[in-house]
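Reader: I'd like a close look at one buried charged residue in this model, and then a walk outward from there to the other charged and aromatic side chains. Could you take me through it in one go?

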Amino acid sequence: MYFDLAWCWLLLPPLLIYLLWMSKRSYAQLRPLAKWSSLGLRAAILLCLIGALTQPAIIKQSYSHHVVFLLDVSQSITDDNLDSAMASINKLAGQTIEMGHTISVIAFGENASLEVKPQDEWEDWPESLRDRFTYQRSLPALYAQRTNLLASGESIDKSAMEKLQTSIKDVEEFRKLIAGDSTNIDIATRLALNSGSTQQRHTIYIYTDGNFNRGQWSRAWDIAKKTETTLHTVKLDRPIPPEVAISEVALPSTARTNQGFTARIRLVSNVETEAQLSIFKDGYVFSNRNTQVSKGETIIEVPGLYFLDKGFHTIEVVIQPVKDTHLQNNTFQSLIIVPGEARILYVDGNEDQMLYLKSALELEGISVDARPDTGVPQTMTELLSYDAFILCNVPADRLSQRQMQMIRSYVRDFGGGFIMLGGEESFGLGGYFKTPIEEILPVSMPIQKDLLRPSLGLILVIDKSGSMAGAKIQLAKRAAIATAEAINPRDRIGVIGFDSESRIILELTSAGNRAAIASHIANLEAGGGTFLYPALEDAYRQLIQSNVRRKHIIVLSDGQTQGFGYQEFVQQMAADGITLSAVGIGEGADMQLMEAIAIAGGGRAYFTNDFFSIPQIFTREALRASKNMLIERLVQPIALTHDALLDEIDVDELPLLTGYVATTAKQAADILLVSDSGDPILAKWRYGLGRSIAYTSEAKPRWAEDWLQWEDFAKFWAQLVRSVTGEDLAQTIAVERNHQRTNTNLLLQADVSDSSGEFLTDINLLLTSVDAQGRSNTLDVKRIGPGQFQAQLPSIKYGQAQQFVWHAADDLEEIHTFPYGFIYSFSPEHSTLGANETVFADIQATGAGQVMSLDNSKLIIPEVTSQIVIALWPYLLTIALLLVPIDILCRRLG
């Protein structure tokens, strides 16, 4: 026994004397037995407390060892190596147990998991662990087993299926959470050092191929040496099957339009083989060639690559070797940014009338890519190749929610320009109320003025049969509420639900009574059959009794309805001034009936498989029926304020328009032109980093015939478009962008300089990332030097373009945007071919343990004892605390 603070014993004599002196005064009333008992207890308490202060401890010699087996289960480990490693661990674990020691097993890849807890017995690998560790082989087998069970045609054993599903889920979670997409030796060794008892000396065996791509392996070995832990490494060096991988596709960071460049392709292979090499530009074949792949490294150069348009572009290389095993590393993509002149995307729902605006802009030297309504970009990469996007007369249901979110991010986060032109399918009439597109625009869709316009009576007849359960019925509720918000507050709205019977959810009520409307609509629940006719009768009865001027019904259904005579009944309603439109959702909708009653009712038929488009369809149809937004008459545009957009334009002599779509200006918008009724004709504002414009009329003969003959027509539209595309920002600020992958994370770096090349010290940079769905996320940026900035990317998505935008501000506080992007085609686990001998040589040099091959792996446990220090102060403190209530009881009884 020894004491860390032995001098504390010097406190004991004076404290005992003081205790004895106090007892003569405070124990006077106690009987002798109680007095001496209490004095003894207090002396014992004092002795325990002083003893605890000295921090006593007992040193014992331990001959026990804890052996931890770390098994690399990352994707770079082949089945042969894994089977051999498990056999080796099985043998060494048995020998360890026979020697009286304990073992544990840790599996590691991207993360680490204690799969076999510390134990002093071992028989063999449990089957569940074999399936987890050999996931690359076991998962396909389990999937096949499930498929065969489902396809057998026999009655399925539910318990067997549940057991199989549990096994599949367990292995899938192990592959995702533990194996992952990398190998982190750091986290694995830390877990090993903290496993087992602190009273045992540790010996660690690491079974790995040495391809560590996360964490710092040297740090783990240093910790092992400091803690006197023996750390042996077993090389998983079994020959791997034939493998060819594309290691790199090197491109210049930028290339001008029509400027040729060369792609440098680096292949690595462990076998000599023939292969077909294909190169794609933005998804289109550029070249196909047969090539000879050498063992080791092969360099192939592909000259003559070029792009005609500015923006993000992709070079994809695909190799098809004769001898190969894995497909994951046979495809490699690289991004390249091509700067160039301003380029505009123009999408119009009236393809035959696009020429008017397109020709005017091209006359002013602006490059225009004109497309029909099916040409809205599907990816951010495609959209970023344009400086501005003009959308004209395309209804909202032609765009997915993801596309609208992407357009919003294009303006807000990347500084793109957006212009919406009017038409029967634009703004509120196109169903853009409460969409991401409305957020971008300087105008909102509901009309906040002129409440004396003709009123509307609208009834929504919604299928609430059992097939509508889930997302469909919830979106129908949302659509009903949005419709009430979109129409004029003095208009009237009602809701009828139907299954096998009709149920009036909401009687015709003022659209301004939103709280009551939302409360009633919340009662709409799915369940039952499908019978539309009674619901149409209820809708007709309510509308025919109403004194509103316009009467309209919207029917929503996803299935086949009972009954007959629908077309005749709807024709009767139309004769009484009630129109009807129909919306069919899903593959099961009765499209023939929906179209027939829509035609009979003088309305429109809609069919969609995108349930999220239901609110847009409802609001679009309601606003069309109200006739409040569509203004068709002679209109003289009136200029309210001067703006650079209208420079050299005689705003006092603007031609007449014959129509526009009524909207309401947002508070922060700049209103440049209005109608004689005060409705916005031309409005603009800044949205995030970009700019947007709402022009509520059009550039076509229907509403702008006089404008087409106007001598300043081309100049007006050119200046309007240029006002949202910005200037050539690279002339004032240059941002050199790059990225670097380390063992711990991915770093994005930017160097900011002025036009003379000097680093800018008084500027701040922001960085935004944008995912494939158009959602943006702001990353933390650190200044690491004058004009030098760095940000850390939390994760990498393999096989996806990762796009970013750096934001900087010049002396005029104008925000400039600099896009950047790259692609990691596959995990680094698939870029290695065999064991990393360089790492094993470095490990051997550390002296922390031996490096063995699989065939020569053996159990080596140091024949040394370890000193175990057992602290006694907690026990003494516990005794003191237990004696206190006994002393109190003794005094009370005495």
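Author: Let's start with the polar contact between the side chains of Asp209 and Ser76, which comes out at 2.8 Å in this predicted model. Asp209 sits in the loop that runs between strand 6 (201–208) and helix 8 (217–226). What about a partner of opposite charge for this buried residue? Asp209 has no salt bridge, and the nearest side chain of opposite charge, Lys235, is 12 Å away. A salt bridge needs the nitrogen and the carboxyl oxygen within 4 Å, so Lys235 at 12 Å doesn't make one with Asp209. Setting aside residues up to four places away in sequence, Asp209 touches Asp72, Ser76, Ile77, Leu236, Ala835, Asn836 and Phe840.

Elsewhere, charges do pair up: the structure holds 31 salt bridges. Take Arg190 and Asp186, whose side chains meet at 3.1 Å, N to O. Both belong to helix 7 (residues 185–193), and they are four residues apart, about one turn of the helix. That spacing makes sense, because an α-helix has 3.6 residues a turn and residues three or four places apart point the same way. The two ends of this bridge sit in unlike surroundings: Arg190 counts as partly exposed at 39% relative accessibility, while Asp186 is buried at 5%.

Now for a bridge that reaches further along the chain. Lys434 and Glu485 form a salt bridge with their closest N and O atoms 2.3 Å apart. Lys434 is in the loop between strand 18 (417–421) and helix 12, and Glu485 is in helix 13 (residues 471–486), so the pair ties together parts that are 51 residues apart in sequence. Lys434 is exposed, with 52% relative accessible area, whereas Glu485 counts as buried at 17%.

Arg633 and Asp676 are another such pair, with 3.1 Å between the closest N and O atoms of their salt bridge. Here two loops are joined: Arg633 is in the one between strand 26 (630–631) and strand 27 (638–639), Asp676 in the one between strand 30 (670–674) and strand 31 (680–687), so parts 43 residues apart in sequence are tied together. Both ends are partly exposed, Arg633 at 32% and Asp676 at 46%. Salt bridges can also join up into a network, as they do for Asp309, Arg343, Asp369, Arg371 and Glu382.

Helix 12 (residues 436–440) has a charged residue worth a stop, Glu439. Glu439 is partly exposed, at 36% relative accessible area, and its side chain makes a polar contact of 3.0 Å with that of Arg408. Beyond its neighbours within four places in sequence, Glu439 is in contact with Arg408, Lys666, Trp685 and Tyr687. For Tyr687, the separation is 248 residues in sequence but 8.6 Å in space, C-alpha to C-alpha.

On to the rings. The count comes to 23 aromatic pairs. One of them is Trp125 with Phe133, an edge-to-face pair with 5.6 Å centre to centre and 75° between the planes. Trp125 and Phe133 are both buried. Tyr533 and Tyr566 have ring centres 5.4 Å apart and planes at 65°, so this pair is edge-to-face as well. Tyr533 lies in helix 15 (residues 533–544) and Tyr566 in helix 16 (residues 566–575), so the pair links parts 33 residues apart in sequence. Tyr533 counts as partly exposed at 22%, but Tyr566 is buried at 4%.

Let's finish with a cluster of rings: Tyr695, Trp707, Trp710, Phe713, Phe716 and Trp717 form one aromatic cluster. Tyr695 is in strand 32 (residues 690–695) and is buried, with 0% relative accessibility. Its contacts outside the four places on either side in sequence include Met420, Leu421, Phe427, Trp707, Phe716 and Trp717.

What does helix 20 look like in terms of burial? Ten of its 13 residues are buried, so helix 20 is largely enclosed by the rest of the structure. Among those buried residues are Phe713, Phe716 and Trp717, along with Gln719 and Thr725. The length checks out too: at 1.5 Å a residue, helix 20 (residues 713–725) should span 18 Å, and its end C-alpha atoms are 19 Å apart, which agrees.

Definitions and conventions. Residues are numbered from 1 along each chain as its sequence is written. This is a predicted model: local features need pLDDT of at least 70, side-chain atom pairs count only at pLDDT 80 or more; totals for chains, interfaces and linings use all residues. Side-chain values use heavy atoms; hydrogens and water are left out. Buried means under 20% relative accessible area, exposed over 50%, partly exposed in between (1.4 Å probe, protein chains only). Lys and Arg count as positive and Asp and Glu as negative; His and the chain ends are not counted. A polar contact is a pair of N or O atoms within 3.5 Å; within protein, one must be able to donate a hydrogen and the other to accept it, and residues adjacent in sequence count only if both atoms are side-chain atoms. Contact means heavy atoms within 4.5 Å. The expected span of a helix is 1.5 Å times one less than its number of residues. Rings of Phe, Tyr and Trp (its six-membered ring) pair if their centres lie within 6.5 Å; planes under 30 degrees apart count as stacked, over 60 as edge-to-face and the rest as tilted.
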